[in-house]
Each structure stands twice: as structure tokens, then as C-alpha cells.
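Subject: Structure for your review

Dear colleague,

Please find below the structure that I am handing over to you. My findings follow it, arranged by topic so that you can read them beside the model.

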Amino acid sequence: MLNTFAPAATLVDGEALPGAQALETTAPPADLWVRGLSKRFDAAQPVLDGVAFQVKAGQRVALIGANGAGKSTLLRCCMHLIPPDGGEVRLFGTPLAGLDAPALRRLRSQVGFVFQKHNLVPRLSALSNVLHGALPRTPLAHAWFQGLAPAALRGEALGCLERVGLSHIALRRADKLSGGQSQRVAVARALMQRPRLIVADEPAASLDPVAGDEVMSLFSGLVKDEGLTMVFTSHDLAHAVKYADRVIALQRGRIVLDALSHEVNVAELRTLYA
Ligand SMILES: Nc1ncnc2c1ncn2[C@@H]1O[C@H](COP(=O)(O)OP(=O)(O)OP(=O)(O)O)[C@@H](O)[C@H]1O
């Protein structure tokens with residue numbers, strides 16, 4: 001089945017990936033560079049087994065694979081939110097291994113995270129939730145609340161809400177928002193961080209098909225317009241092909257497909273789940 005596709009060393013943007021030699025010669029540094037990543041939670045099958053890939057600045061990558069393939073674990077290990085057992089990760093050219101916690105936090109502050117569960121603070125307004133995106137660069141506690149935040153920050157947060165089409169409900173409590181609106185607020189909060197890289201774990205999974213499509217279209221469009229880099233996981237193969245420039249498929253912790261989106265189609269991708 002896997003032979004349907006090119007092997008993992010598929011040509012991507014004219015570069016041989018993910019062979020180690022090709023990775024060594026990349027310049028300027030990729031936003032995310034991963035080599036030989038492995039992770040095992042117990043004595044059983046490894047969850048990640050020698051994963052290697054890189055994501056260049058401005059590229060949008062969809063990570064696909066069946067339940068349990070290791071997608072979320074890969075994202076977490078890439079950000080050192082959980083420690084990998086082996087391999088190397090470089091974020092914006094900086095090796096993560098050996099960084100102390102403050103240095104790791106500083107580097108991660110350039111990464112905007114969006115998850116399936118948007119993790120908004122329910123009792124606070126949409127605007128206050130978006131302001132939270134500024135926390136890594138604004139240690140002032142009052143920047144958390146829309147009524148206390150400096151005018152410049154408030155204006156910026158409103159601008160982020162405007163970009164996701166929600167400035168008209170800026171003061172509505174997060175627990176009064178629909179699922180689609182909540183996820184758009186989460187996107188605005190990530191933008192407020194002024195990230196270079198967006199990491200999103202199934203950002204549309206909890207939404208109905210129409211809202212999911214709207215969120216992904218908006219999200220992917222904003223990322224493209226602002227020249228950001230994005231890695232997102234998805235079980236929606238149509239989304240993967242439509243909203244990413246490149247698709248990487250994981251199977252039992254290994255990359256089995258790495259191809260540009262226009263080179264694959266949904267029917268082919270579906271065979272990975274057989
Ligand atoms: N903290 C953990 N402790 C033990 N096992 C874990 C842990 N996190 C993940 N796993 C296991 O690792 C494997 C991969 O999980 P992961 O969540 O990365 O897969 P996934 O591809 O994101 O799956 P899904 O599409 O269902 O979200 C699964 O077998 C899961 O049970």
C-alpha cells in the first residue's frame with residue numbers, strides 16, 4: 001500500500017527530504033528541523049521512530065495519519081513540551097536540547113499554539129482572551145484584562161479579532177460563543193503572540209463541516225498572507241490537501257509520505273488508513 005506513494009525521501013520544493021545529508025546543508029535554517037526523533041511511552045512499540053523532516057519559513061504543512069499514529073506526540077516532542085527519547089530538534093535554527101527552561105520558553109514564545117479544544121477562559125471576554133496572547137512579551141498582569149490593558153495592546157487585540165471577523169463581539173464572554181467563534185478567537189489569540197510559527201493540533205476537529213471549513217480557510221489564509229509558517233494535524237484529508245502546501249503522513253511513528261499538496265489527492269491519501 002505504501003508503495004502507492006513516493007518513499008519518505010520524496011522531493012519537496014526541490015530538496016531531497018528528509019535524508020540527513022540534505023538536512024545538514026540547509027541554509028538559511030528551516031523554522032523547524034527534526035532528525036531521528038524517537039519517543040516511546042512504555043516498553044511496547046515506539047510512538048515515534050526516527051522521524052526526520054524540516055519546515056521552511058512560510059510553508060504550511062499538514063500532518064496526517066490514523067488515530068494513534070503519533071501526530072500529537074510528534075508536535076509535542078518538536079516543541080519539547082514532552083522530551084523526546086532521541087534525535088534532534090532545531091527551532092528557528094536553535095537546537096532545543098540543552099536549553100534551560102527560560103531559554104526554551106523564550107524560543108517557544110515565537111510559536112502560536114491552537115488546539116482542538118480552544119482553551120479559552122470561559123468567564124472572560126473574547127478580547128481579554130486574545131490579550132492573553134501578548135503575555136509572553138508583556139509580563140504585566142493587568143495586560144490580561146481588556147479594561148486594564150494599555151490602549152496599544154487593546155488596539156492590537158481588537159485588530160486580531162478584526163482579522164478573524166469577530167471585532168463586533170469583542171466584549172462577549174467566551175462561554176457565550178459558538179464553537180466556530182471560539183476557535184476563531186483562539187486563532188486571534190495565537191496571532192496576538194506575533195508568532196513566526198503556528199502549531200495547530202486538529203484545529204477544526206470539534207467543529208461542524210461548515211464551521212470547520214470556515215475556520216481552516218480563514219486560518220490558512222491569514223498564515224499565508226502574513227508569511228507565517230504552520231504545521232497542523234488533521235483527520236480531514238480534504239483540509240490537508242486544500243489548506244496546506246505540503247502533506248506529511250505518519251504511520252506507526254514513521255513518515256510514510258512527504259509530498260506537496262498538489263501532487264497528492266484525497267483518494268490516494270485515504271489508502272493510508274486502510
Ligand atoms: N502521555 C502518554 N502516555 C502514554 N501513552 C501515550 C501518551 N501520549 C500518547 N500516547 C500513546 O501514543 C500513541 C500516539 O498517540 P498520539 O496522540 O500522538 O497519536 P495521534 O496520531 O495524535 O492520534 P489521534 O489522531 O487519535 O489524536 C497512542 O498509542 C497513545 O495512546
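Is the crossing of H5 and H6 left-handed or right-handed? The crossing of these two helices is right-handed. Before I continue, please note that this is a predicted model.

Helices H5, H6 and H7

Helix H5 covers residues 151–163 and helix H6 covers residues 179–192; their axes come within 9 Å and cross at roughly 135°. That angle makes H5 oblique to H6. On the H5 side, the residues that meet H6 are Glu156, Ala157, Cys160, Leu161 and Arg163, and their counterparts in H6 are Ala188, Leu191 and Met192. Sorted by class, this contact has six nonpolar residues, two charged residues and no polar ones.

H6 has a further helix beside it in this account, helix H7 (residues 209–225), and the axes of H6 and H7 come within 9 Å and cross at roughly 15°. The two helices are therefore roughly parallel to each other. Their crossing is right-handed. From H6, the residues Gly179, Gly180, Gln183, Arg184, Val187 and Leu191 take part, and they meet Ala211, Glu214, Val215, Leu218, Phe219 and Leu222 in H7. The contact of H6 with H7 divides into seven nonpolar, three polar and two charged residues. You may wish to locate Leu191 of H6 in the model, since it is listed in the contact with H5 and also in the contact with H7.

The six-stranded sheet

In general, the strands of a sheet pair through backbone hydrogen bonds, in either a parallel or an antiparallel way. Six strands of this model form an open sheet with mixed pairing, and their order is S8-S9-S10-S5-S11-S12. Which strands stand at the edges? They are strand S8 (111–115) and strand S12 (254–260); each has a single partner strand, so one side of each is left without a neighbour in the sheet. On average, neighbouring strands of this sheet are turned by 15° against each other, direction ignored.

Within this sheet, strand S5 (residues 60–64) and strand S10 (residues 229–233) run parallel and are joined by four bridges. Alanine 62 stands opposite phenylalanine 232 of S10. H6 packs on the sheet as well, where it touches S8 and S9, and its direction makes about 170° with that of S8. Helix H2 (residues 71–78) lies across S5, strand S9 (197–201), S10 and strand S11 (246–251), and it runs at about 145° to S10.

The four-stranded sheet

A second open sheet consists of four strands in the order S4-S3-S6-S7, and its pairing is antiparallel. Its edge strands are S4 and S7, each of which pairs on one side only. H2 packs on this sheet too, touching S3, S4 and S6, with its direction at about 120° to that of S3.

The pairings can be followed strand by strand. Strand S3 (residues 32–39) pairs with strand S4 (residues 48–55) in the antiparallel sense over six bridges, and lysine 39 stands opposite leucine 48 in S4. S3 is also joined to strand S6 (residues 86–91) by five bridges, and these two strands run antiparallel. Along S3 and S6, leucine 32 stands opposite leucine 91, tryptophan 33 has arginine 90 as its bridge partner, and serine 38 stands opposite glycine 86.

S6 pairs in turn with strand S7 (residues 94–95), in the antiparallel sense and over two bridges. Here leucine 91 stands opposite threonine 94 in S7. How many residues lie between S6 and S7 in the hairpin that they form? There are two, and phenylalanine 92 in this turn has a positive phi of about 50°.

The surroundings of the ligand

Finally, I turn to the ligand. Which residues surround the ligand? They are Phe41, Val47, Gly65, Asn67, Gly68, Ala69, Gly70, Lys71, Ser72 and Thr73. This shell divides into six polar residues, three nonpolar residues and one charged residue. Lys71, Ser72 and Thr73 of the shell fall within the residue range of H2, 71–78, the helix that was described above as packing on the four-stranded sheet.

With kind regards,
A colleague

Key
Residues numbered from 1 in each chain as written. Predicted model: local features only at pLDDT ≥ 70, side-chain atom pairs only at ≥ 80, totals over all residues. Near = placed C-beta within 6 Å. Nonpolar A, V, L, I, M, F, W, Y, C, P; charged D, E, K, R; others polar. Axes fitted to C-alpha atoms, helices over the stretch in contact; angles between N-to-C directions. Parallel < 35°, antiparallel > 145°, perpendicular 65-115°, else oblique. Left-handed = near helix turned anticlockwise from the far one by under 90°. Contact = placed C-beta atoms within 7 Å. Pairing = 2+ DSSP bridges.
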